[in-house]
2 protein chains.
Amino acid sequence: MIAIGEASRQSGVGIETIRYYEREGIVPRPARALNNRRLYSANDVGRLRFLKKCRDLGFPLSDAKALWELSEGSAEDCRSVKELAEAHIASVRSKISELRRLEHALSELTANCDSGNVQCPMLQRLRTMDDI
Amino acid sequence: MIAIGEASRQSGVGIETIRYYEREGIVPRPARALNNRRLYSANDVGRLRFLKKCRDLGFPLSDAKALWELSEGSAEDCRSVKELAEAHIASVRSKISELRRLEHALSELTANCDSGNVQCPMLQRLRTMDDI
DNA sequence: CTTGATCCTGTAGTTGCTACAGGAGTTATA
DNA sequence: TATAACTCCTGTAGCAACTACAGGATCAAG
């Protein structure tokens, strides 16, 4: 059993973040030493690493928690996992295409931006046009 | 001079959002009628529409405010506008490539996900591998 | 004169942290 | 043994950009 600082180092999850996860019920309350300090098992650290990977993949915390619970469940309900993951992939894809639309619009807006303009064409369009 | 509801309709910015912008100093405090209700001019509505377009393009509010102020400035400093816009384009591009990385990782993770697995390969990897 | 729409202020919730403040206990060095 | 430096504790507030009330005032229409 290790202290929170060591658990943070081993999992890559910040100390304040670990305490935040505990407050939010994403991880259960850990054991405590006699001096009231939190104590983490290897399994606890494993869960933190799991959660971190999920967050790095962009899953919301609620999904990350659900995935861990699926992973702890007896049958490892692969279908539920796939559903969560595919919904997430869909949202990632829609974000990508939205950002591409933005990139395109921004590139167009700045295309005519060059020093020496009396009126900035980008501001001009932002002020007046309706097709943005 | 129109009331806040009409300004909201004409600009596409929600009533609560308009009041939020005012609290945050993004827009100045508008005129008030004798009954204390806010009154907006055509110029005020124009500013709200401008801010909305900036937000739709993904600019943070602080940038949106700065762009409006540049647009109100005497010289319309096109270079400053371009700098803001290009920094924003860069951040949009980096978000896109990050999301593409995620999409790739997620697709790989779910590739072997099919009902009938005893152990879910995605959870397996999230629990054990280090290359995610 | 009542109903329903609109407006007002002020506060709290959202997501996922991060950063203190102010205090207590632990470890290493002189 | 004293003291400095570190780690930990609780609790609260801040970030971005809204959104959603609560509880009340005012207004327009029938």
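Reading a predicted protein–DNA model

Q: Which residue follows helix 3 of chain B, and what is the sign of its phi?
A: In this predicted model, helix 3 of chain B is followed by B:G58, whose phi is positive, near 90°.

Q: How many residues does helix 3 of chain B have, and what should they span?
A: The expected span of a helix is 1.5 Å times one less than its number of residues. Helix 3 of chain B covers residues 42-56, which is 15 residues, so it should span 21 Å. Its end C-alpha atoms are 21 Å apart, in agreement with that expectation.

Q: Which residues of helix 3 of chain B are buried?
A: An α-helix has 3.6 residues a turn, so residues three or four places apart point the same way. In helix 3 of chain B, the buried residues are B:D44, B:V45, B:R47, B:L48, B:F50, B:L51, B:K53 and B:C54. Their cover includes helix 6 (121-128) of chain A, as well as helix 1, helix 2, strand 2 (38-39) and helix 4 (61-72) of chain B.

Q: Which residues are closest to DNA strand C?
A: DNA strand C is surrounded by 19 residues, and the closest are A:Y20, A:R55, B:G5, B:R19 and B:R38. Of the atoms of DNA strand C that come within 4 Å of the protein, 70% belong to sugar and phosphate. By class, the surface near DNA strand C has 8 charged, 7 nonpolar and 4 polar residues. Helix 2 of chain A supplies the largest share of this surface, 5 residues.

Q: Which polar side-chain atoms lie at a phosphate oxygen of DNA strand C?
A: A polar side-chain atom of B:R19 lies 2.6 Å from a phosphate oxygen of the strand, and one of B:R32 lies 3.1 Å from a phosphate oxygen. In chain A, an N or O atom in the side chain of A:T17 is 3.2 Å from a phosphate oxygen of DNA strand C.

Q: How many aromatic pairs are there, and how are their planes described?
A: Planes under 30 degrees apart count as stacked, over 60 as edge-to-face and the rest as tilted. Over all chains there are 4 aromatic pairs. The ring centres of A:Y20 and A:Y21 are 6.0 Å apart and their planes meet at 50°, so this pair is tilted. A:Y20 is partly exposed, at 34% relative accessible area, whereas A:Y21 is buried, at 7%. A:F50 and A:W68 form an edge-to-face pair, 5.1 Å centre to centre with 70° between the planes. This pair links helix 3 and helix 4 of chain A, its residues being 18 apart.

Definitions and conventions. Residues are numbered from 1 along each chain as its sequence is written. Chains are lettered from A and ligands numbered from 1 in the order in which they are written. This is a predicted model: local features need pLDDT of at least 70, side-chain atom pairs count only at pLDDT 80 or more; totals for chains, interfaces and linings use all residues. Side-chain values use heavy atoms; hydrogens and water are left out. A residue is near a molecule or strand if one of its heavy atoms lies within 4 Å of it. A polar contact is a pair of N or O atoms within 3.5 Å; within protein, one must be able to donate a hydrogen and the other to accept it, and residues adjacent in sequence count only if both atoms are side-chain atoms. Helices (H or I, at least four residues) and strands (E, at least two) are DSSP runs, numbered from the N terminus. Ala, Val, Leu, Ile, Met, Phe, Trp, Tyr, Cys and Pro count as nonpolar, Asp, Glu, Lys and Arg as charged, and the others, Gly among them, as polar. Buried means under 20% relative accessible area, exposed over 50%, partly exposed in between (1.4 Å probe, protein chains only). Contact means heavy atoms within 4.5 Å. Rings of Phe, Tyr and Trp (its six-membered ring) pair if their centres lie within 6.5 Å; planes under 30 degrees apart count as stacked, over 60 as edge-to-face and the rest as tilted.
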